Amino acid sequence: MTKEQYIRMTGWVRSAVVRLPGGAKALRAPTLVCAAAYLYALLFLMLSRDMRIFRALLVPAVCFGVVTVLRPAIGRTRPYDRFGASPVGPYRSGKGKSMPSRHAASAAAIACAVVYVFPSTWVTAAMLALCALIAALRVLSGQHYISDVAVALAISFSLSALGYLL
């Protein structure tokens, strides 16, 4: 991605976001929906005394931990810091590293956890769509490169497959 591509992409998103209720804060809505679905799944497991709750807690925690450890080890600068242009939304310069995306990794891990708890076609489709939306918004808002979210998704889907299928 070049600086011109970055500015064009974030400019398009910025102009679209101003028409949304809440402006750039509306970009957080998919993340909140994802978190709510996860909390609902955990509550369901807890109230039904289902032992799957341990995997549903552990697998996303492992995914988050692996991604958190990798970020400073890889040390990739965020696109908005590299290009010296502001992302969409109220973000601080120099805040954190870019690779892999924790939002994308968490969305994938949560999507897998919810599908593990409620294994149906429509739940799978809804959670994958939500995960894809969160990953796309991380790129379109200028927070991450496409490779940041691709690596995060690969890590979380791989670790989730291991965690839920073994």
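Which residue forms a salt bridge with arginine 76, and how far apart are the closest N and O atoms? Before selecting anything, bear in mind that this is a predicted model.

Start the tour by showing the side chains of arginine 76 and aspartate 148, which form a salt bridge in which the closest N and O atoms are 2.7 Å apart. Because arginine 76 lies in the loop between H3 and H4 while aspartate 148 belongs to helix H7 (residues 146-165), the pair ties together parts that are 72 residues apart in sequence. The two partners can then be coloured by accessibility: arginine 76 has 26% relative accessibility and therefore counts as partly exposed, whereas aspartate 148, at 0%, counts as buried.

Next, select arginine 52 and aspartate 50, whose side chains also meet in a salt bridge, here with an N to O distance of 2.9 Å. Arginine 52 counts as partly exposed, because its relative accessibility is 25%. A search of the whole structure finds two salt bridges. As a general point, side chains of opposite charge can pair when their charged atoms come close.

From there, move to helix H3 (residues 53-74) and pick out leucine 58, which lies in this helix. With 52% relative accessibility, leucine 58 counts as exposed. Now extend the selection to Val62, Val66, Leu70 and Ile74, which together with Leu58 form a nonpolar patch on the surface, the accessible area of the group being about 370 Å².

For a contrast in chemistry, select Lys25, Arg28, Lys95 and Arg102, which form a positive surface patch. Within this selection, centre the view on lysine 95, which is placed in the loop between helix H4 (79-83) and helix H5 (102-117). The relative accessibility of lysine 95 is 40%, so this residue counts as partly exposed.

Finish with the cysteines. How many disulfides does the structure contain? The count comes to zero. To see this in the viewer, select cysteine 34, which is in no disulfide and whose nearest cysteine sulfur, that of cysteine 131, is 7.1 Å away. Why is there no bond between cysteine 131 and cysteine 34? The sulfur of cysteine 131 has its closest cysteine sulfur in cysteine 34, and the separation of 7.1 Å is too far for a bond, since a disulfide requires a pair of cysteine sulfur atoms within 2.5 Å. As for their surroundings, cysteine 34 counts as buried because its relative accessibility is 3%, and cysteine 131, at 3% relative accessibility, counts as buried too.

How values were computed. Residues numbered from 1 in each chain as written. Predicted model: local features only at pLDDT ≥ 70, side-chain atom pairs only at ≥ 80, totals over all residues. Heavy atoms only, no water. Patch = residues over 30% accessible without salt bridge, like charges linked within 9 Å, V, L, I, M, F, W, Y side chains within 5 Å. Areas by Shrake-Rupley, 256 points an atom, 1.4 Å probe, with all protein chains shown as cover. Salt bridge = Lys/Arg side-chain N within 4 Å of Asp/Glu carboxyl O. Lys, Arg positive; Asp, Glu negative; His and termini not counted. Charge placed at Lys NZ, Arg CZ, Asp CG, Glu CD. Helix = DSSP H or I, 4+ residues; strand = E, 2+ residues; numbered from the N terminus. Buried < 20%, exposed > 50% of the residue type's maximum accessible area, 1.4 Å probe, protein only.
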